[in-house]
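Here are some notes on the chain as a whole and on one of its helices, set out as numbered points for discussion.

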Amino acid sequence: MSSTAQDIQTNDAGTAAPGETTGSANFIHTIIDEHLKNGRFDHVHTRFPPEPNGYLHIGHAKAILINYLTAQKYGGKFNLRFDDTNPVKEEQEYIDGIKRDIAWLGADWEDRLFHASDYFGQLYEWAKELIRKGLAYVDDLSADEIRAYRGTLTEPGQNSPYRDRAVEENLDLFERMKNGEFPDGSRVLRAKIDMAAPNMNLRDPVMYRILHAEHPHTGTEWCIYPMYDWAHGQSDSIEGVTHSLCSLEFEDHRPLYEWFIQQLGIYAPQQIEFSRLNITHFVMSKRKLIQLVNEGHVRGWDDPRMPTLSAMRRRGYTPEAIRAFIEAVGVSKAHNVVDMELLEYHVRQDLNLRARRVMGVLDPLRVVIENYPDGQVETMEAINNPEDESAGVRQVPFSKVVYIEREDFMEDPPKKFFRLAPGREVRLRYAYFITCTGVIKDEHGEIVELRCTYDPATRGGDAPDGRKVKATLHWVAADQAIDCEVRLYDRLFSVPEPGAETGNFLDDLNPDSLDVITHAKLEPSVRGLEPGTTVQFERKGYFCVDPDSTADHLVWNRTVTLRDTWAKIQQKMQD
C-alpha cells in the first residue's frame, strides 16, 4: 500500500477503524479536536522522547515533526525529553547529536528540555507506593528464568516463587537494591499484574534492575535504574503532556502505561499511535545501524549512505526537503513502505529552488580549441539559479583548453546521441559553438584529447545566422580549473527490502554504493565554499561540500542525481 493511499480514523482511545479515511484531515487532529470539544483537554502539549543510545534517523524525523507540528497547529507546547533509563548504552555524544538534529529540523523545544532521570526520585517513591499496595515485588529470578516463566503467546506464564513476598520484605529489599548492596542482575522489581494476561507486556513486567554504572546525567547517584516502560508514561504525566504521539510498536505497551497511571492515581495523558516510516533501500533498526557502523560497512553514523539525520545533513539534504517528504507521506495507522525515489524527489524539488549552479567535470576529457587565440582568457556570464532571479550571475573563465565530460563525446555515435562527435557542432554553455575536428588517442587506443574549432560569432551560445545545435555541454577552463575530490554515493543496499531473500540484510549491501573521484575539475567560483554548502553541478546533480574539505582540497558529496535523458534512452534500448 502506498504511503498516502489510506488514512485511518481512531476512536477516543486511539484504536483504529480500518478501511476508513479522513480525507485531508490528519486522524490525530480529528481525535484532538474531539478532546478539545468534549473537555477532555483544554490545550495541546506534546513531546519527543528519544533514548540517547544512538543517532536519530529519518523515521524519528516523522515522530518529531508529527509531535512538533501538532503542537504548533493548536498553539500548544512541545517538549524534548531524553528517556535516559539505561546508562550502559547512553552517551553524551548521542545526547548532543540528538539535540543538534532536532534543532536542524526546525523543531523548537524552547526552554523545555527534560530528562527522565530528572524524575528518578519521584519514580522511586511511586515504585514504593505500588509495593505498599501489594502491586510490585522484588524478584530473585535470573533474566533467563523470568523469560522462561513468562510463557508464550499461546501459553500463560507462571508466577514467580517470590511473587508473594510480604510488603515489608519487598520494601526492605528494594531499599537495599537502591543502596547498592546487591550485584548487577541479582534482583529486579516487578509489577504484580497478571501472568496469564493475553498481552505479554502485562505479565509482571520488570520495573527496576540493578546496574552499577555511571549515568551521563546523574553520575553515580543511582545503582538501580527504571525500565523504559515504567519511566515513560509517568514522565509524560509529570510534564503535563496531553497527547503522547508515538509509532505503532508502542500500541501494545499502552495498556501497561495506563495501568501504572491508574494504580498511582496520577494525571493521565492520551497516547495515540501512528504507522512507522519505512523506506525502500534503507534499514531503520537501531541494532542494524549499530552493526553497520561497528563492523565498518560504513564510515560512521554520519556516512552519507546512512538514513540518520546527521548523514542526510552531511549528504546535503535540507530540513525543508525532509519536512516536505514527511508531509507527503502523511499520517496513518496503515503499514506502508515508501519508495526512496519520493524522498529524492523532494530533495531535488527543494534544491532546485535554492542551490546555486556551477560547472564541474567529473570525468575530464581535454579539448583543445585550435583556432582560439593562445593565452587569451575571457569571462562568460553565467546564471547562478534560473529559478531565483535574485541569485544573480557569476563570471566564468574561458580559454583555449577546456575539459568536458568524457561521456559527452562518442567517436561513432548511435542514433539519438546528440552530443559531441567528429564533425558535429555543439554548444558550450554560456560560451561558443564548437565543432570536433580531430581525435587523439594513446598507445592503447584510448581517447585522450579532442581537437575542435570554435565560431567567434556565437559568443554567449547563440548563432547570428540562426542555426541550431542539438546539445549543450558543460565545461571547465583547464588552466583555471580547481581539482576536487568527489564522492558519488548511491544506495547502500541494492534491493528495496534488505534481507528479505536470505534473512541477512548484509547480504544485500551494494558494492557500488560509493565511487570516489580524485581529480574532478570545477570552475574557480567554488573556491572557499564552506562545508555544508550545496550546489548543482550542471547536468550532473546536486553536491554538498563535505567536512573533510580543507582550504586547499575541496571534497564533495553527491546529494542526489539529476534525471539523465540519455541514460533513460540507453535503458529502453537494453530492455
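Which residues are exposed on the other side of α9?

1. The model is a predicted one, and the question concerns helix α9, which spans residues 286-294 and whose buried residues are Leu289, Leu292 and Val293. These three lie on the same side of α9, because they cover an arc of only 95 degrees around the axis. In general, an α-helix has 3.6 residues a turn, so residues three or four places apart point the same way.

2. The exposed residues on the other side of α9 are Arg287 and Asn294, and the question is thereby answered with one residue that also takes part in the capping of the helix: the backbone nitrogen of Arg287 lies 3.3 Å from a side-chain oxygen of Ser285, which caps the N-terminal end of α9.

3. Beyond the other end of the helix, Gly296 comes just after α9 and adopts a positive phi of about 75 degrees.

4. Turning to the chain as a whole, the protein has 13 helices and 27 strands, and its C-alpha atoms fill a box of roughly 100 × 50 × 45 Å along the principal axes. Of its 575 residues, 54% are buried, and among contacts with a separation of 6 or more, 70% are between residues 24 or more positions apart.

5. As for the surface, the accessible area of the protein chain is about 25500 Å², with 47% of it belonging to carbon and sulfur atoms. The chain carries 67 positive and 92 negative charges, and the mean positions of these two sets are 3 Å apart.

Terms used:
Residues are numbered from 1 along each chain as its sequence is written. This is a predicted model: local features need pLDDT of at least 70, side-chain atom pairs count only at pLDDT 80 or more; totals for chains, interfaces and linings use all residues. Side-chain values use heavy atoms; hydrogens and water are left out. Helices (H or I, at least four residues) and strands (E, at least two) are DSSP runs, numbered from the N terminus. Buried means under 20% relative accessible area, exposed over 50%, partly exposed in between (1.4 Å probe, protein chains only). Contact means heavy atoms within 4.5 Å. Accessible areas come from the Shrake-Rupley method with a 1.4 Å probe; for residues, only the protein chains shown count as cover. Lys and Arg count as positive and Asp and Glu as negative; His and the chain ends are not counted. The place of a charge is taken as NZ of Lys, CZ of Arg, CG of Asp or CD of Glu. The arc is that of the directions from the helix axis to the C-beta atoms. A polar contact is a pair of N or O atoms within 3.5 Å; within protein, one must be able to donate a hydrogen and the other to accept it, and residues adjacent in sequence count only if both atoms are side-chain atoms.
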